[in-house]
Amino acid sequence: MEPLLRVEIEEAGYEAGKPKIKQVSLEVMPGKLTGLIGPNGAGKSTTLKAILGLIPEIKADVRFADGHGKYAYVPEHPVFYDTLTLWEHMSLAAAVYGIDDAEFQRSGGELLEKFRMTGVRNHLPGGFSKGMRQKMMLMIGFLLKPEVYIVDEPFIGLDPRATKDFLGLLEEERSRGAGVLMCTHVLDTAERICDDFILMADGRVAAKGTLHDIRLAAGLPEAPLFDCFDVLT
Ligand SMILES: Nc1ncnc2c1ncn2[C@@H]1O[C@H](COP(=O)(O)OP(=O)(O)OP(=O)(O)O)[C@@H](O)[C@H]1O
């Protein structure tokens, strides 16, 4: 099967001559969820930014499969306009994505229901909690129905029910064939939901592959991901 996204980063950083990540390669496959994990400062966000074209100093080849350039990026820190309501944010995104209005009314309404946000659709996000803002970002990502989701730490603000709702939707998207690259520190959830992992440390890939591959690399054949993480970083 062809990957939806293929990334080969030779090096990338914020200043010339000072690369923060080196030799990072990864692929996002249809229907698969790849977890990007590693300690603080390992280079995960820099890798995501490199993929999104937001890094000034970069030598890399980032390739979406032919005709599959559509991706959604869900940032760790919500970005929003103070004067637009939740529904207006979603409408704006739908307009930018070129989604047909009838389709948007249907799928937008459905997303609000799924994330239990219908009651606040006409509220301003300035008054939302952290988790509600996170949900807004996720709904905007799901509106697009992209081939590839790039999600930066989705779990921190979400309550257990919202996490379950989010994972359920992600599962639906994957069964449609979408691929996901997700950066997270929540290793027990990652272990449960990811098909494979990229484990970064000190700006490089310390290990990659399925949980089985990561366990082999760590020399811990039965261990939870957390213990492998500990050994390899
Ligand atoms: N805007 C920036 N300008 C300069 N250096 C940066 C910038 N952002 C990150 N760095 C540096 O790049 C390195 C990798 O940081 P990065 O944010 O990619 O790590 P991370 O793995 O995402 O960490 P965390 O888990 O804490 O989010 C760190 O040494 C960090 O100090």
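**Note on a predicted two-domain model with a ligand**

1. Start at the ligand. Helix 1, residues 44-52, gives the most to the shell around the ligand, with three residues. The model is a predicted one, and the points below should be read with that in mind.

2. Which residues are around the ligand? They are Tyr14, Lys20, Gly38, Asn40, Gly41, Ala42, Gly43, Lys44, Ser45 and Thr46. By class, this shell has six polar residues, two nonpolar and two charged.

3. Look next at how helix 1 sits. Its buried residues are Lys44, Thr46, Thr47, Leu48, Ala50 and Ile51. Two of these names, Lys44 and Thr46, also appear among the residues around the ligand. Just after helix 1 comes glycine 53, with a positive phi of about 80 degrees.

4. Helix 1 packs on a sheet. Three strands form that sheet, which is open and has the order 2-1-4. The pairing in it is antiparallel. Which strands stand at the edges? Strand 2 (19-28) and strand 4 (57-64) do, each with a single partner strand, so one side of each is left without a neighbour in the sheet. Neighbouring strands here are turned by 5 degrees against each other on average, direction ignored.

5. Strand 1 (residues 5-13) can be followed on both sides. Toward strand 4, eight bridges join the two, and they run antiparallel. Leucine 5 stands opposite phenylalanine 64 in strand 4. Glycine 13 stands opposite glutamate 57, also in strand 4. Helix 1 touches strand 1, strand 2 and strand 4 as it packs on this sheet. The direction of helix 1 makes about 115 degrees with that of strand 1.

6. Toward strand 2, strand 1 again pairs in the antiparallel sense, over eight bridges. Glutamate 8 has serine 25 of strand 2 as its bridge partner. Strand 1 and strand 2 form a hairpin, with five residues between them. In the turn, glycine 17 has a positive phi of about 80 degrees.

7. Now the other sheet. How many strands form the open sheet with mixed pairing? Six do, in the order 5-6-7-3-8-9. Strand 5 (71-74) and strand 9 (204-209) are the edge strands, and each pairs on one side only. On average, neighbouring strands of this sheet are turned by 15 degrees against each other, direction ignored.

8. At the strand 5 edge, four bridges join strand 5 to strand 6, and the two run parallel. Alanine 72 stands opposite tyrosine 149 in strand 6.

9. Two helices are worth finding at the other end of the strand order. Helix 7 (residues 211-218) lies across strand 8 (196-201) and strand 9. Helix 7 runs at about 125 degrees to strand 9. Helix 8 (residues 225-232) packs on the sheet and touches strand 3 (33-37), strand 8 and strand 9. The direction of helix 8 makes about 30 degrees with that of strand 8.

10. Step back to the whole chain. The protein chain is divided into domain 1 (1-70 + 146-233) and domain 2 (74-145). Domain 1 is thus written as two stretches, with domain 2 listed between them in the numbering. The C-alpha centres of the two domains lie 25 Å apart.

11. Where do the domains meet? In all, 14 residues of domain 1 are in contact with 14 residues of domain 2. Strand 6 (148-152) and helix 5 (160-175) each supply at least two residues of the side of domain 1 that touches domain 2. Helix 5 gives the largest share of that side, four residues. By class, the side of domain 1 that touches domain 2 has eight nonpolar, five charged and one polar residue.

How values were computed
Residues numbered from 1 in each chain as written. Predicted model: local features only at pLDDT ≥ 70, side-chain atom pairs only at ≥ 80, totals over all residues. Domains from an automatic or database assignment. Contact = placed C-beta atoms within 7 Å. Nonpolar A, V, L, I, M, F, W, Y, C, P; charged D, E, K, R; others polar. Near = placed C-beta within 6 Å. Pairing = 2+ DSSP bridges. Axes fitted to C-alpha atoms, helices over the stretch in contact; angles between N-to-C directions. Buried ≥ 20, exposed ≤ 12 C-beta atoms within 10 Å, placed from the backbone.
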